[in-house]
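Got the viewer open? Let's walk through this model together, one selection after another.

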Amino acid sequence: MNNDFLIADLTDEEKNRISSHIYIDLFTECWNWTGALSGRGYGRIKFRRRMEMTHRVLFAWKHGPIPRGIRSDIPILDHICNNRRCCNPDHLRLVLQKENILKGNNRAAINARKTSCPKGHPLVQGSKQRYCPICRREDARKHNIKHPPTKEQRRRAVERVREWRKTHSRHVGQP
Ligand SMILES: [Zn+2]
Ligand SMILES: [Zn+2]
């Protein structure tokens with residue numbers, strides 16, 4: 001029996017409901033969940049009669065199935081940005097164990113280093129270039145203290161969510 005967590009499509013109602021609880025941080029590109037959080041700080045949502053983690057829903061939808069179960073040979077979903085509230089599917093990856101990816105000299109480790117920032121964090125593909133979401137969050141933390149987001153930046157964030165909704169409905173809409 002295939003036990004993977006798989007979402008073939010989201011309905012318009014689901015897309016609207018999910019995107020209305022996302023606040024995109026323009027600096028880090030994290031999609032911060034503004035709805036309910038689990039005790040460990042992950043976004044939670046009632047989805048198809050079950051409680052699910054928001055980041056798992058969006059990853060399964062955009063990038064494909066997530067294996068279920070806890071065993072050393074079953075990959076788990078890892079937040080590249082270390083921000084548990086974030087549900088940007090591009091800030092997530094399936095890994096066996098975080099440590100195994102960046103340490104050692106096997107091919108996966110060498111490839112991982114090629115795509116990491118000077119501090120060794122994995123990079124993700126942004127809208128323009130690859131970047132390190134962990135270092136960006138650090139920068140943002142310092143930056144935000146002195147410069148809280150302007151009205152204009154907030155407006156653009158709202159617009160990006162709207163655009164995201166449009167783009168994704170095109171992707172998953174009827175052919
Ligand atoms: Zn993120
Ligand atoms: Zn970094």
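Which residues are buried in H2? Select residues 54-63, which make up helix H2, and colour these seven: Thr54, His55, Arg56, Val57, Leu58, Phe59 and Trp61, the buried residues of H2. Keep in mind as you look that this is a predicted model.

**Stop 1: around helix H2**

With 7 of its 10 residues buried, H2 is mostly covered. To see what does the covering, show the strands E2 (31-33), E3 (44-47), E4 (50-53), E5 (76-79) and E6 (92-95), against which the buried residues of H2 pack. Then step just past the end of the helix: Gly64 follows H2 and has a positive phi, near 110°.

**Stop 2: the whole chain**

Zoom out for a moment. The protein has 6 helices and 8 strands, and along the sequence they come in the order α-β-β-β-β-α-β-β-α-α-β-β-α-α. Of its 175 residues, 22% count as buried. Among contacts with a separation of 6 or more, 52% are between residues 24 or more positions apart.

Now colour by confidence. The average pLDDT of the protein is 80, and 78% of the residues score at least 70. Where is confidence lowest, and where is it highest? The lowest is in helix H3 (residues 98-102), with a mean of 53, while E3 reaches the highest, at 95. Select residues 170-175 as well: the pLDDT there is below 50, and this stretch has 2 contacts in the model beyond near neighbours in sequence. Where pLDDT is low, the predicted coordinates should not be read in detail.

**Stop 3: the hairpin of E3 and E4**

Return to E3 and select E4 with it. These strands pair in the antiparallel sense over 4 bridges. Pick out Phe47 and you will find it opposite Arg50 in E4.

The hairpin has 2 residues between its strands, and Arg48 takes a positive phi near 50° there. Click on Arg49 too, in the loop between E3 and E4. Its phi is near 70°, a positive value in a residue other than glycine. Is Arg49 buried or exposed? Arg49 counts as exposed because it has 5 C-beta neighbours inside 10 Å, and the cut-off for exposed is 12 or fewer.

**Stop 4: the largest nonpolar core**

Next, select Ile22, Trp31 and Cys87. In the largest nonpolar core, which has 22 residues, these three touch the most other members. The elements that give two or more residues to this core are E1, E2 and H2. H2, where the tour began, supplies the largest share, 4 residues. As a general point, nonpolar side chains tend to be buried together in soluble globular proteins.

Stay with Trp31 and show what surrounds it. Leaving aside neighbours within four places in sequence, Trp31 is in contact with Ile22, Ile24, Cys86, Cys87 and Asn88.

One of those partners, Ile24, deserves its own click. Ile24 is found in strand E1 (residues 22-24). Why does Ile24 count as buried? Ile24 has 21 C-beta neighbours inside 10 Å, and 20 or more is what burial requires. Not counting residues up to four places away in sequence, Ile24 touches Glu29, Trp31, Ala157, Arg160 and Val161. For a distance to try in the viewer, take the C-alpha atoms of Ile24 and Cys86: these residues are 62 residues apart along the chain, and the atoms are separated by 8.9 Å.

**Stop 5: Asn82 and Arg137**

For the last stop, move to the loop between E5 and E6 and select Asn82. Asn82 is not a glycine, yet its phi is positive, about 60°. This residue is partly exposed because 14 other C-beta atoms lie within 10 Å.

Add Arg137, which lies in helix H5 (residues 133-146). How far apart are Arg137 and Asn82 in space? C-alpha to C-alpha, the two are 9.0 Å apart, although 55 residues apart in sequence. Arg137 also counts as partly exposed, with 17 C-beta neighbours inside 10 Å. Which residues does Arg137 touch, not counting residues up to four places away in sequence? Select Thr28, Cys81 and Asn83 to see its contacts.

Methods: Residues numbered from 1 in each chain as written. Chains lettered and ligands numbered in written order. Contact = placed C-beta atoms within 7 Å. Pairing = 2+ DSSP bridges. Core = buried A, V, L, I, M, F, W, Y, C linked by C-beta atoms within 7 Å. pLDDT = per-residue confidence, 0-100.
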